[in-house]
Amino acid sequence: MAEGELQKLQDDEVGKGACWLSSAKQVPIARLDCDLLSAHGIELSVARLDLVDPQISGNKWFKLKYNLIEALNQGATHIVSFGGAYSNHLHALAAACFRLGLKSTAVLRGELVTPLNPTLHDCKSWGMEFLPVTRTQYREKSSPQFIQQLHDQLGAFYLVPEGGSNALAVKGVAEVVPAIVAEIGVFDYLCCGVGSGGTLSGLIAGAGSPVKCIGYSAIKGGQYIEGQIKELLAQYQMSDGSIDDESVVVDIVHDYHFGGFAKVQPELISFMTWFESSFDIPLEHVYTAKMLYGLFDQIKAGRFSRGQRIVALHTGGLQGRRAIAGNIIS
Ligand SMILES: Cc1ncc(COP(=O)(O)O)c(C=O)c1O
């Protein structure tokens with residue numbers, strides 16, 4: 001991030017409290033128009049969560065909102081979370097903590113490679129500190145012993161789980177649904193990319209039974225995510241959420257991970273190039289491009305009926321485009 005932009009953030013946001021967090025977000029909607037959609041009689045719109053905030057981008061804004069409000073309510077001054085070196089979650093969290101005047105620490109999966117990649121460079125410029133741990137240690141991140149060791153080392157902190165996915169994230173993402181309805185009225189399907197499942201859980205919680213939510217896994221072998229989603233929804237219901245039981249159908253498509261998490265293939269790149277030039281909407285390769293590729297493929301294959309209205313979530317993370325060069329599988 002350029003020096004001037006950082007300064008602007010500092011002047012505009014720091015020390016102004018957290019009112020910006022609790023304000024309801026409008027979600028801009030882009031209606032897509034192309035031959036394939038006309039031929040199949042499908043109305044497809046993209047909910048541009050990538051536009052809700054320049055740094056706390058996409059689903060992260062909604063996933064972090066109630067976590068940060070809770071941290072502030074508890075009087076926390078230090079936030080700790082987890083992620084890899086290209087994590088959109090850490091990037092958004094660092095920006096949010098900077099704006100709120102909170103200290104932030106990232107428990108990083110794997111060694112800290114210098115010079116820092118662009119994601120970690122931005123995080124550092126927002127004051128985030130890094131605690132690299134081995135991949136084996138990282139797998140223990142949810143264990144009480146590991147968390148205790150962190151407290152011994154770092155003192156008091158508010159813990160946000162990896163990817164920000166917990167009941168408070170579900171509560172935040174659920175607010176996306178009424179924001180879309182306010183823009184375009186009712187619709188039939190709501191689609192998103194899936195990593196930890198927090199975002200899809202929030203959509204299921206917010207949507208209610210007539211709307212079907214479909215997730216497109218970004219992870220190879222991500223069949224376990226369904227269990228995580230059920231667990232997250234149960235936690236949400238136990239805290240302050242209520243869900244219409246009929247709406248809890250976890251529909252995850254596992255066919256469009258393109259070789260694994262963050263991997264890309266020339267076919268995906270061609271799709272991104274076509275999509276971006278046709279609709280003037282930038283994509284990133286880890287989640288939203290794969291979800292849209294899968295969705296277009298399924299429309300082509302006739303999964304949806306004529307006249308149906310589909311909304312696909314652009315979950316942001318465009319900062320991650322800077323990592324694309326190293327991940328192409330030819
Ligand atoms: C840009 C983007 N889209 C989608 C997702 C998937 O969200 P979730 O982990 O809640 O399934 C992530 C990961 O957090 C992400 O960074």
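1. Proline 115 sits in the loop between β4 and α6 (118–125). The peptide bond leading into this proline, from threonine 114, is cis, with omega near -5 degrees. Bear in mind that this is a predicted model.

2. A second loop deserves a look. Phenylalanine 258 lies between β9 and α13 (266–279). Its phi is near 55 degrees, a positive value in a residue other than glycine.

3. Now the sheets. One is open and has 6 strands, in the order β1-β2-β10-β7-β8-β9. Its pairing is mixed. β1 (29–31) and β9 (251–253) form the edges, and each pairs on one side only. From one strand to the next, the twist averages 25 degrees.

4. Within that sheet, consider β2 and β10. Strand β2 covers residues 43–48 and strand β10 covers residues 309–314. The two run parallel and are joined by 6 bridges. Histidine 314 in β10 is the residue opposite arginine 48. Helix α14 (residues 288–300) packs on the sheet. This helix touches β2, β7 (189–194), β8 (212–217), β9 and β10. The direction of α14 makes about 160 degrees with that of β10.

5. The other sheet to check is also open, with 4 strands in the order β5-β4-β3-β6. Here the pairing is parallel. The edges are taken by β5 (129–133) and β6 (158–159). Each has a single partner strand, so one side of each is left without a neighbour in the sheet.

6. The link between β3 and β6 can be traced by residue. Strand β3 spans residues 78–83, and 2 bridges join it to β6, with the strands running parallel. Isoleucine 79 has tyrosine 158, in β6, as its bridge partner.

7. Two helices lie across this sheet. Helix α5 (residues 88–100) crosses β3 and β4 (103–109), at about 165 degrees to β3. Helix α8 (residues 144–154) lies across β3, β4, β5 and β6. The angle between α8 and β3 is about 135 degrees.

8. Next, the ligand. Which residues are closest to the ligand? They are Lys63, Gly195, Ser196, Thr199 and Thr315, in a shell of 16 residues. By class, that shell has 12 polar, 2 charged and 2 nonpolar residues.

9. Three side chains are worth inspecting for polar contacts with the ligand. In lysine 63, a side-chain N or O atom is 2.6 Å from an oxygen atom of the ligand. For asparagine 88, the distance from a side-chain N or O atom to a ligand oxygen atom is 2.8 Å. Threonine 315 faces a nitrogen atom instead: a side-chain N or O atom of this residue is 2.7 Å from a nitrogen atom of the ligand.

10. How much of the ligand does the protein bury? Taken alone, the ligand exposes 380 Å², and the protein buries 96% of that. Two or more residues of the surrounding shell come from each of α4 (59–73), β7 and α11 (198–207). Of these elements, α4 gives the largest share, with 3 residues.

Conventions. Residues numbered from 1 in each chain as written. Predicted model: local features only at pLDDT ≥ 70, side-chain atom pairs only at ≥ 80, totals over all residues. Heavy atoms only, no water. Pairing = 2+ DSSP bridges. Axes fitted to C-alpha atoms, helices over the stretch in contact; angles between N-to-C directions. Contact = heavy atoms within 4.5 Å. Near = heavy atom within 4 Å. Polar contact = N/O pair within 3.5 Å; in protein donor to acceptor, adjacent residues only side chain to side chain. Areas by Shrake-Rupley, 256 points an atom, 1.4 Å probe, with all protein chains shown as cover. Nonpolar A, V, L, I, M, F, W, Y, C, P; charged D, E, K, R; others polar.
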